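Colleague: Could you walk me through how to read a few features here, starting with one side chain and working outwards?

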Amino acid sequence: MLIGNLTRDPALRFTPNNTAVCSFSIATNRSWINNDTNEKQEQVEFHNIVAWSKLAEICGSMLHKGDKVYVEGRLQTRKWEGEDKVERRTTEIVIENMILIKSVSDAVTDDDDNLK
């Protein structure tokens with residue numbers, strides 16, 4: 001389970017047998033006070049997210065860069081060989097649930113309403 005902000009617009013595509021797959025990334029933030037220096041520390045983590053089927057279509061149509069989302073799913077590590085014959089690995093979160101918490105476009109609308 002993660003709550004974070006989209007770092008880019010989702011990429012929706014379809015497999016050869018027409019199954020929707022959507023990928024995007026979210027950033028999560030953590031902050032704490034360093035006990036030695038009494039200074040605030042911050043750390044950002046980036047997570048690759050993948051959604052399949054109907055959830056992929058929903059993510060592709062609803063989500064935009066900057067949106068805050070709640071996602072839950074499972075970790076999956078894939079490996080492949082690149083064109084340079086080097087084996088590569090990536091770990092991603094295959095989501096089973098997504099809730100849009102705050103849309104960037106909603107924030108702009110809310111601000112516009114406050115100006116009137």
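**Reading the features**

Modeller: Let's start with Arg78, which has a relative accessible area of 39% and is partly exposed. That label sits between buried (under 20% relative accessible area) and exposed (over 50%), using a 1.4 Å probe and protein chains only. Keep in mind that this is a predicted model, where local features need pLDDT of at least 70 and side-chain atom pairs count only at pLDDT 80 or more, while totals for chains, interfaces and linings use all residues. Residues are numbered from 1 along each chain as its sequence is written, and side-chain values use heavy atoms, leaving out hydrogens and water.

Colleague: Which residue forms a salt bridge with Arg78?

Modeller: The rule is a side-chain nitrogen of Lys or Arg within 4 Å of a carboxyl oxygen of Asp or Glu. Here Arg78 pairs with Glu92, and the closest N and O atoms are 2.8 Å apart. The pair links distant parts of the chain, with Arg78 in strand E5 (residues 68–81) and Glu92 in strand E6 (residues 87–102), 14 residues apart. Glu92 is buried, at 7% relative accessibility.

Colleague: How many salt bridges does the rule give?

Modeller: The count comes to 2. Asp84 and Arg88 form a salt bridge too, at 2.9 Å from N to O. In that pair, Asp84 is partly exposed at 44% relative accessibility, and Arg88 is partly exposed at 33%.

Colleague: Back to the strands: what does Thr90 touch?

Modeller: For contacts, look for heavy atoms within 4.5 Å. Leaving aside residues up to four places away in sequence, Thr90 touches Asn48, Gln76, Thr77, Arg78 and Trp80. Thr90 sits in strand E6 and counts as buried, at 17% relative accessibility. Its C-alpha is 5.5 Å from that of Arg78, although the two residues are 12 apart along the chain.

Colleague: And the backbone: which loop holds Lys85, and what is its phi?

Modeller: The general idea is that most residues other than glycine have a negative phi. Lys85 is not a glycine, yet its phi is positive, about 70°. Lys85 lies in the loop between E5 and E6 and is exposed, with a relative accessible area of 62%. Asn38 is another case, with a positive phi near 60°. You'll find Asn38 in the loop between strand E3 (20–33) and strand E4 (40–52), exposed at 63% relative accessibility.

Colleague: How many helices and strands does the chain have, and in what pattern?

Modeller: Helices (H or I, at least four residues) and strands (E, at least two) are DSSP runs, numbered from the N terminus. This chain has 2 helices and 6 strands, and along the sequence they read β-β-β-β-α-β-β-α.

Colleague: What about the overall shape: how does the radius of gyration read against a compact globule?

Modeller: The radius is taken over C-alpha atoms, and the globule rule is 2.2 Å times the number of residues to the power 0.38. A compact globule of 116 residues would come out near 13 Å, but this chain has 18 Å. Its C-alpha atoms fill a box of roughly 50 × 45 × 25 Å along the principal axes. Buried residues make up 28% of the 116. Among contacts with a separation of 6 or more, 54% come from residues 24 or more positions apart.
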